[in-house]
Amino acid sequence: MSEDHFDEDQEGQGGTGSRHPMAARFRGYLPVVVDVETGGFNSATDALLEIAATTIGMDDKGFLFPEHTLFFRVEPFEGANIEQAALEFTGIKLDHPLRMAVSEESALTDIFRSIRKSLKSNGCKRAVLVGHNASFDLGFLNAAVARNDMKRNPFHPFSSFDTATLAGLAYGQTVLAKACQAADIDFDGREAHSARYDTEKTAELFCGIVNRWKEMGGWADFDD
């Protein structure tokens, strides 16, 4: 199915928001930044261990800003594969007494509920995932949605905005830490590979690139 055909199928499933500036900016879509930490690289077999999502707002001048972040530590699904190398890379300790993990379904239900509220307030019809190497995050998100047979997924199933690509264009950097450094965004390597931290830094990077494009004249004011 092409994106255009998918969009036609979605017409009428919520407000089109044609008069809201956020909806006008991204063709009816609301950018939501997502980062996942996992037990490996295979979304079908490897555990989802952390997930965070940051909604994006827009001020009255059309500039974007990170709005609100939800973060969950996630219980591995039954039978999930977890590579020791992945745990060493992320620093996740599955047996930590303060981990307080929740099920995939619980985490996604809360995230999706918050996103649907943002969709309504921004007059948007669908969320589009923003991620650093976005196909990875979208793959794990879609796999968790399918495992839990969730029917009200607000995200477009295959479209995404990739900040690795955008940062390569804007700054000549594709690694998140180096892209943030080039964009004058503080980045603490000791905090990296936490879903919350990486999501919030990716959100800053995304907003900064879009806003810089606007400042350079690449996006006209809404009343022009």
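Me: Among contacts in the protein chain between residues at least 6 apart in sequence, what percentage join residues at least 24 apart?

Reply: Before the answer, please keep in mind that this is a predicted model. Among the contacts between residues at least 6 apart in sequence, 70% join residues at least 24 apart. Phe-41 offers a case to look at, since Phe-41 and Phe-140 are 99 residues apart in sequence and 9.0 Å apart in space, C-alpha to C-alpha.

Me: Where does Phe-41 lie, and what is it in contact with once its neighbours within four places in sequence are left aside?

Reply: Phe-41 belongs to the loop between strand S1 (29–38) and strand S2 (48–58). With those neighbours left aside, its contacts are Asp-46, Phe-136 and Phe-140. Phe-41 counts as exposed because its relative accessibility is 79%, and the cut-off for that word is over 50%.

Me: How many helices and strands should I look for in the protein chain, and in what order do they come?

Reply: You should find eight helices and five strands, and from the N terminus on they run α-α-β-β-β-α-α-β-α-β-α-α-α. Of the 224 residues in the chain, 46% are buried.

Me: How do strand S4 and strand S5 pair, in the parallel or the antiparallel sense?

Reply: A general idea helps when you look at any strand: in a regular strand the side chains alternate between the two faces of the sheet. Here, S4 (residues 126–131) and S5 (residues 155–162) pair in the parallel sense, over four bridges, and one position to find is Ala-127, whose bridge partner in S5 is Phe-155. Between these strands the chain passes through helix H5 (residues 134–147), making a β-α-β crossover that is right-handed.

Me: Which residues have the most contacts inside the largest nonpolar core?

Reply: They are Ile-51, Leu-64 and Phe-155, in a core of 40 residues. The elements giving two or more residues to this core are helix H2 (21–25), S1, S2, strand S3 (64–73), helix H4 (104–122), S4, H5 and H8. Another core, of eight residues, lies apart from it and has Ala-167, Ala-179, Cys-180 and Leu-205 among its members. If you follow Phe-155 alone, leaving aside its neighbours within four places in sequence, you will meet contacts including Val-32, Phe-112, Ile-115, Val-128 and Leu-141.

Me: Is His-132 buried or exposed, and which backbone atoms does its side chain reach?

Reply: His-132 sits in the loop between S4 and H5 and counts as buried, because its relative accessibility is 13% and the cut-off is under 20%. Its side chain reaches the backbone nitrogen of Ala-164 at 3.4 Å, while the backbone oxygen of Thr-174 lies 2.6 Å from a polar atom of that side chain. Not counting residues up to four places away in sequence, His-132 also touches other residues, among them Asp-137, Asp-162, Thr-202 and Leu-205.

Me: How many salt bridges does a search of the whole structure find, and how should I read one of them?

Reply: The search finds five, and a careful way to read one is to ask which atoms come together and then how exposed each partner is. In the pair of Lys-151 and Asp-149, the closest N and O atoms are 2.9 Å apart, and both residues are exposed. Asp-188 and Arg-190 meet at 3.1 Å, N to O; Asp-188 is partly exposed at 25% relative accessibility, whereas Arg-190 is exposed at 75%. Glu-204 and Lys-201 have their closest N and O atoms 3.3 Å apart, and both lie in helix H8 (residues 195–215), three residues apart, which is about one turn of the helix. Glu-204 is partly exposed at 33% relative accessibility, but Lys-201 is buried at 11%.

Me: What is the phi of Arg-27, and what is the phi of Asp-184?

Reply: The general idea is that most residues other than glycine have a negative phi. Arg-27, in the loop between H2 and S1, has a positive phi near 55°, and Arg-27 counts as partly exposed at 46% relative accessibility. Asp-184, which lies in the loop between helix H7 (176–182) and H8, has a positive phi of about 60° although it is not a glycine, and Asp-184 is exposed at 72% relative accessibility.

Definitions and conventions
Residues numbered from 1 in each chain as written. Predicted model: local features only at pLDDT ≥ 70, side-chain atom pairs only at ≥ 80, totals over all residues. Heavy atoms only, no water. Salt bridge = Lys/Arg side-chain N within 4 Å of Asp/Glu carboxyl O. Buried < 20%, exposed > 50% of the residue type's maximum accessible area, 1.4 Å probe, protein only. Pairing = 2+ DSSP bridges. Right-handed = clockwise from strand over helix to strand, strands pointing away. Contact = heavy atoms within 4.5 Å. Core = buried A, V, L, I, M, F, W, Y, C linked by side-chain atoms within 4.5 Å. Polar contact = N/O pair within 3.5 Å; in protein donor to acceptor, adjacent residues only side chain to side chain.
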